[in-house]
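Biologist: I've just opened this model and would love a guided tour. Let's go through it question by question.

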Amino acid sequence: MYHDYDRALADPEVEIVYVGLPNHAHLPMVRKAAEAGKAILSEKSLTVTTDDAEDLIEAVEEAGVFFVEGLMYLAHPTYARLPDLLRDPRLGKIRSIRASYAADITGKA
């Protein structure tokens, strides 16, 4: 067990880091974990601004580490079934699909 993040990140036996901190703290922690060469699962929302999200992605790509955001929709059974549901002939011909995402993520904090 560790009582500070730096010691945990320095341990070669720690291979994967889960970032479940408040959203505003994701970027600095992901950056530290990436620099330490750790695989990273970050909880949603990824960051609080698009600028921070771009910085986060750049840090992960530069470090060449595995990274994924813990967005449940990526693995939710309903979304896995969605393509089949949309192809179901009982729906008839689909002419359009309209969707929205409610997060207010902008370039400013």
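Biologist: Does Leu 9 count as buried or exposed?

Modeller: Let's start with the cut-offs: buried means under 20% relative accessible area, exposed means over 50%, and partly exposed is in between, using a 1.4 Å probe and protein chains only. Leu 9 comes out at 10% relative accessibility, so Leu 9 is buried.

Biologist: What kind of model are we looking at?

Modeller: Residues are numbered from 1 along each chain as its sequence is written, and side-chain values use heavy atoms, with hydrogens and water left out. Local features need pLDDT of at least 70, side-chain atom pairs count only at pLDDT 80 or more, and totals for chains, interfaces and linings use all residues, as the model is predicted.

Biologist: Back to Leu 9, then. In which helix is the place of Leu 9?

Modeller: Helices here are DSSP runs of H or I with at least four residues, strands are runs of E with at least two, and both are numbered from the N terminus. Leu 9 falls within residues 5-10, and that helix is α1.

Biologist: Which residues is Leu 9 in contact with, leaving aside neighbours within four places in sequence?

Modeller: Contact means heavy atoms within 4.5 Å. With the sequence neighbours set aside, Leu 9 is in contact with Val 17, Met 29, Lys 32, Ala 33, Ala 36 and Lys 38.

Biologist: Now the sheet. In what order do the three strands sit?

Modeller: Two strands pair if DSSP finds at least two bridges between them. β1 and β2 pair in the parallel sense over four bridges, while β2 (residues 39-42) and β3 do so over three. Together they make an open sheet with the order β1-β2-β3.

Biologist: Which strands stand at the edges?

Modeller: Look for strands with a single partner, because one side of such a strand is left without a neighbour in the sheet. That fits β1 (16-19) and β3 (67-69).

Biologist: Which residue stands opposite Ile 40 in β3?

Modeller: On the β1 side of the sheet's pairings, Val 19 stands opposite Ser 42 in β2. On the β3 side, the partner of Ile 40 is Phe 67.

Biologist: Which residues make up the covered face of β1?

Modeller: In a regular strand, side chains alternate between the two faces of the sheet. The uncovered face of β1 has Ile 16 and Tyr 18. The covered face has Val 17 and Val 19.

Biologist: At about what angle does α2 run to β2?

Modeller: Axes are lines fitted to C-alpha atoms, for helices over the stretch in contact, and angles run from 0 to 180 degrees between N-to-C directions. Helix α2 (residues 26-35) lies across β1, β2 and β3, and its angle to β2 is about 165°.

Biologist: How are α2 and α3 arranged relative to each other?

Modeller: Their axes come within 9 Å and cross at roughly 5°. The contact includes Val 30 and Ala 34 of α2, and Leu 56 and Ala 59 of α3. Angles under 35 degrees count as roughly parallel, over 145 as roughly antiparallel, 65 to 115 as roughly perpendicular, and the rest as oblique. The two helices are therefore roughly parallel.

Biologist: Which element gives the most to the largest nonpolar core?

Modeller: A nonpolar core is a set of buried Ala, Val, Leu, Ile, Met, Phe, Trp, Tyr and Cys residues joined through side-chain atoms within 4.5 Å. The largest one has 14 residues, and Val 19, Val 30, Ile 40 and Leu 56 have the most contacts inside it. β1, α2 and α3 (50-63) each give two or more residues. With five residues, the one that gives the most is α2.

Biologist: Which two residues does the cis peptide bond join?

Modeller: Most peptide bonds are trans. In this cis bond, omega is about -20°. Ser 45 sits in the loop between β2 and α3, and the bond joins Lys 44 and Ser 45.

Biologist: Last one: which residue shares a side-chain polar contact with Asp 88?

Modeller: Asp 88 lies in the segment after α4 (77-87) and is buried, at 17% relative accessible area. A polar contact is a pair of N or O atoms within 3.5 Å; within protein, one must be able to donate a hydrogen and the other to accept it, and residues adjacent in sequence count only if both atoms are side-chain atoms. Here the contact is 2.5 Å, and the partner of Asp 88 is Arg 90.
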